[in-house]
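Colleague: Could you take me through one part of this model in detail, please? I would like to start with a pocket and then see what surrounds it in the fold.

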Amino acid sequence: MSNNLSTEQFNQYQSDGITFPVRVLSPDEAGKYHSAFEELETRLGGKLGYAAWLHLHFRWAYELATHPAIADAVESLLGPDIVLLSTLLLCKYPYDPDYASWHQDGTYSRTYQTPTTTAWIALSDSMPENGCMRVLPGSHQQGMLPHANTYAEHNILKRGPQVQIEVDESQVKDVCLKMGEMSLHHNNLIHGSNPNRSATKRIGFIARFATPQFKQTSTPAIQLRGRDDYRHFESLKDPPRGDLDQEIAAWVRFNREQQKA
């Protein structure tokens with residue numbers, strides 16, 4: 001069954017730079033992926049607030065990032081030729097002071113130079129009380145804006161990028177999602193989030209998609225659908241095999257190498 005965006009959702013994306021909520025996971029699927037994250041967190045022995053590139057190393061994350069319902073919705077925006085560039089999992093813990101500053105994606109990756117979109121998939125309910133994403137609708141129409149790195153304490157973003165314009169809070173919209181729903185947002189949309197003021201976790205799995213014209217990538221990408229006539233990136237040869245011990249070891253090694261680079 002196709003999960004292409006409706007005309008209303010497509011038009012919302014074009015005007016606001018985001019469309020939500022889009023139901024992509026059944027309750028059973030959402031529960032499975034939620035449990036997989038919880039198991040990984042337990043095995044690593046602590047909080048896992050920021051975890052990148054999970055799809056390259058964990059079978060469950062690969063399956064989630066390439067889920068047909070997500071791919072259908074992305075195809076509605078980008079067309080039939082789709083590349084999965086990266087994934088990121090962000091978890092805000094109960095009464096966690098972590099927040100995300102107002103920013104645009106692609107500040108450093110240059111994804112704004114080609115058609116891209118970002119899926120934010122809720123593996124728990126994501127509401128204002130636990131720090132859901134917040135957006136400035138229509139801000140994608142301003143193009144890529146200057147940012148400054150703040151490196152602020154509790155900023156969940158590594159460099160703490162802050163867009164260099166004043167954000168009018170009266171125009172901001174909360175992106176409320178139920179577990180198993182997602183939003184799709186434009187690369188240039190200004191967005192951020194507040195701390196978690198509740199007793200529940202907020203777990204978001206983020207997948208970034210582009211068309212094959214995109215040039216800059218230092219890690220393997222996945223040709224999710226269609227053709228690649230450009231050959232700008234190395235393709236992931238095989239999905240992770242699903243042995244959790246081996247997956248964890250490979251992911252830990254990968255992160256150490258990334259820190260040295």
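Modeller: Happy to. The pocket I have in mind is the second largest one, and its lining consists of L56, H57, D238, P239, P240, R241, D243, Q246, E247 and A250. Please keep in mind that this is a predicted model. The volume of this second largest pocket comes to about 210 Å³. Sorted by class, its lining holds 4 nonpolar, 2 polar and 4 charged residues. As a general point, rolling a probe the size of a water molecule over the atoms is what shows where empty space is left.

Now for the fold as a whole. The chain has 5 helices and 13 strands. Its radius of gyration is 17 Å, close to the 18 Å that the globule rule gives for 261 residues, so the chain is as compact as a globular protein of that length. Along the principal axes, its C-alpha atoms fill a box of roughly 50 × 45 × 40 Å. Of the 261 residues, 52% are buried. If you take the contacts between residues at least 6 apart in sequence, 84% of them join residues at least 24 apart.

A good element to look at next is strand β5, residues 116–122. Here 7 of the 7 residues are buried, so the strand is largely enclosed by the rest of the structure. In a regular strand, side chains alternate between the two faces of the sheet. In β5, T116, T118, W120 and A122 point one way, while T117, A119 and I121 point the other way, and all are buried. As for its partners, β5 pairs with strand β12 (residues 202–210) in the antiparallel sense over 7 bridges. Within that pairing, T118 has R208 of β12 as its bridge partner. Strand β10 (residues 181–186) also pairs with β5 in the antiparallel sense, over 5 bridges, and there M182 of β10 stands opposite I121.

There is also an open sheet of 4 strands, in the order β4-β11-β6-β9, with antiparallel pairing. Its edge strands are β4 (100–103) and β9 (173–174), each of which pairs on one side only. The partner of β9 to look at is strand β6 (residues 133–135), and the two are joined in the antiparallel sense by 2 bridges. In that pairing R134 stands opposite D174 of β9.

From this sheet you can move on to helix α1 (residues 7–16), where D16 is found. D16 has a relative accessibility of 18%, and because the cut-off for buried is under 20%, this aspartate counts as buried. Leaving aside neighbours within four places in sequence, D16 is in contact with P137, G138, H140, K173 and L189. One of these, K173, belongs to the edge strand β9.

Last, have a look at helix α4, residues 68–78. This helix is mostly covered, with 8 of its 11 residues buried. The buried ones are A69, I70, A71, D72, A73, V74, L77 and L78, so you will find an aspartate, D72, listed among them. Just after α4 comes G79, which takes a positive phi of about 95 degrees.

Methods:
Residues numbered from 1 in each chain as written. Predicted model: local features only at pLDDT ≥ 70, side-chain atom pairs only at ≥ 80, totals over all residues. Heavy atoms only, no water. 1 Å grid on protein atoms, 1.4 Å probe; cavity = no way out; pocket = protein on both sides within 12 Å on 5 of 7 lines; lining within 4 Å. Points joined across faces, edges and corners; volume = space filled by probe spheres on them. Nonpolar A, V, L, I, M, F, W, Y, C, P; charged D, E, K, R; others polar. Buried < 20%, exposed > 50% of the residue type's maximum accessible area, 1.4 Å probe, protein only. Pairing = 2+ DSSP bridges. Rg over C-alpha atoms; globule rule 2.2 N^0.38 Å. Contact = heavy atoms within 4.5 Å.
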